[in-house]
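Hi,

Here is the structure I promised to pass on. My notes are underneath, so have a look at the model and then read on.

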Amino acid sequence: MKEGLPERPVNSHNEWDPLEEVIVGHVDGAMFPSWHLITRATIPPDAHELHAMLDLVGEEAIPIPDEQILAAQRCLDELVHILEGEGVTVRRPGPFDFSAPFQTPSWHVGGGFCAANPRDVFLVVGDQMIEAPMADRGRFFEAQPYRALLREYFRRGARWVAAPKPVLDDALYAPDAPRLAKPGTIGFVTTEHEPVFDAADFVRCGRDIFAQRSHVTNRAGIEWLRRHLGEGYRVHELEVKCKQAMHIDTTFMPLAPGKLLVNPHFIDVDKLPAFVRKWDILEAPPPVVSEAQQRSPVSIWMNINVLMLDEKRVLVERRQEPTIKALRDFGLEPIPCNFASYTPFGGSFHCATLDVRRRGELASYF
């Protein structure tokens with residue numbers, strides 16, 4: 001912040017400027033999804049225990065067992081302790097009853113999910129907090145636990161934006177698309193019926209924002225963001241290879257100006273835009289897969305799902321020793337944190353946080 005200017009309550013342009021304020025999610029009252037068309041498409045095919053669990057879930061919401069919630073809460077407590085120890089202001093969402101059923105004129109679900117992942121729900125671009133038009137019916141009201149924070153940031157001068165709330169009627173979904181996809185292609189369960197996206201399918205490098213088409217983000221959603229941000233930004237869609245694609249932060253993670261971490265199994269480095277290939281690119285080593293991750297509905301590549309505190313310091317899961325070494329050799333300063341028991345709730349450090357304020361200005365890096 002330049003001397004003499006008022007504090008901006010929301011100010012974040014990239015993934016690496018010095019972190020000053022962050023929202024960290026919570027797992028209170030977390031539920032198994034009662035509507036799981038998208039969940040089935042995004043769970044790794046060898047996660048047999050999870051697929052069997054979805055077969056048992058009926059129309060009513062089922063609480064996630066207390067022991068899993070307590071284990072995840074310990075991870076979040078350690079994360080908050082580290083962040084606050086590094087001088088970062090930590091904010092938390094409010095309570096919400098995810099067990100309550102809800103409906104629209106078009107559909108009904110037996111309950112929601114949780115408030116563990118603010119990164120999925122909101123995209124911060126400069127002084128804007130953009131509510132995502134999420135494709136999962138079970139996550140229709142997931143912005144609600146953050147409402148008090150949004151009102152506060154708005155009163156203090158931030159821009160509060162919501163993408164068009166989707167109808168999520170049957171025309172948006174193509175349940176058989178993954179099965180019918182031609183070899184070498186991905187059949188997404190979302191169509192182009194209306195714009196939808198999860199905010200976690202975007203990462204920011206100043207004026208350049210990178211996106212992926214996934215089971216929860218369609219090209220109409222990417223185009224909506226491109227038009228909304230206007231000529232001051234460039235939104236690039238990357239080509240990915242993961243058939244369970246959901247959220248770019250297990251595939252492509254900018255770490256600092258000129259430094260990029262990628263998943264070599266989900267993205268072809270040679271097919272990245274030429275201007276991106278000028279950066280130093282670290283291909284992530286294979287992840288260390290914990291018992292908790294074997295029960296996780298998300299990719300095992302959570303070692304890529306890191307959080308930068310600045311251009312050097314990076315939060316990494318403590319068990320990911322090969323990744324810690326690789327990042328250290330890449331010129332960074334890893335901060336280990338126990339976080340494996342959080343992964344069944346949908347991610348790791350990047351997913352569990354939303355960087356509301358970083359100390360920096362909008363710039364171009366390419």
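Let me start with β8, which is joined to strand β9 (residues 159-162) by 4 bridges, with the two running parallel. Within that pairing, I130 sits opposite V161 of β9. Keep in mind throughout that this is a predicted model.

On the β7 side, β8 is joined to strand β7 (residues 122-125) by 4 bridges as well, but here the strands run antiparallel. V125 has Q128 in β8 as its bridge partner. The two strands make a hairpin with 2 residues between them, and G126 in that turn has a positive phi of about 65°. As for the side chains of β8, Q128 and I130 point one way while M129 and E131 point the other, and all of them are buried. That fits the usual pattern: in a regular strand, side chains alternate between the two faces of the sheet.

Next, the open sheet further along. It has 3 strands in the order β10-β11-β12, with mixed pairing. The edges are taken by β10 (202-205) and β12 (234-238); each has a single partner strand, so one side of each has no neighbour in the sheet. From one strand to the next the twist averages 25°. Strand β11 (residues 208-212) runs parallel to β12, and 5 bridges join them; F210 stands opposite H236 in β12. Helix α7 (residues 219-229) lies across β10, β11 and β12, and runs at about 165° to β12.

F210 also turns up among the aromatics: together with W16, F252, F275, W279, Y365 and F366 it forms one aromatic cluster.

How many aromatic pairs are there by the rule used? The count comes to 19. One of them is F96 with F98, an edge-to-face pair at 4.9 Å centre to centre and 65° between the planes. F96 is partly exposed, at 33% relative accessibility, whereas F98 is buried, at 3%. Another is F102 with F141: the ring centres are 5.1 Å apart and the planes are at 85°, so this pair is edge-to-face. F102 belongs to strand β5 (residues 102-103) and F141 to the loop between β8 (128-131) and α5 (147-155), so the pair ties together parts that are 39 residues apart in sequence. F102 counts as buried at 14% relative accessibility, and F141 as partly exposed at 29%.

Two lysines are also worth a look while you have the rings on screen. K165 lies over the face of F140, 4.4 Å from the ring centre, and K259 lies over the face of F330, 4.3 Å from the ring centre.

Last, an acidic residue to check. Is E317 buried or exposed? Its relative accessibility is 8%, and anything under 20% is called buried, so E317 counts as buried. E317 lies in strand β17 (residues 313-317). What does its side chain reach? The E317 side chain reaches two backbone nitrogens, that of R319 at 2.6 Å and that of A340 at 3.1 Å. Setting aside neighbours within four places in sequence, E317 is in contact with I324, C337, N338, F339, A340 and F349. A340 therefore shows up both in that contact list and as a partner through its backbone nitrogen.

Cheers

Notes
Residues numbered from 1 in each chain as written. Predicted model: local features only at pLDDT ≥ 70, side-chain atom pairs only at ≥ 80, totals over all residues. Heavy atoms only, no water. Pairing = 2+ DSSP bridges. Axes fitted to C-alpha atoms, helices over the stretch in contact; angles between N-to-C directions. Contact = heavy atoms within 4.5 Å. Buried < 20%, exposed > 50% of the residue type's maximum accessible area, 1.4 Å probe, protein only. Polar contact = N/O pair within 3.5 Å; in protein donor to acceptor, adjacent residues only side chain to side chain. Phe/Tyr/Trp six-rings, centres within 6.5 Å; stacked < 30°, edge-to-face > 60°. Lys NZ or Arg CZ within 6 Å of the ring centre and 35° of its normal.
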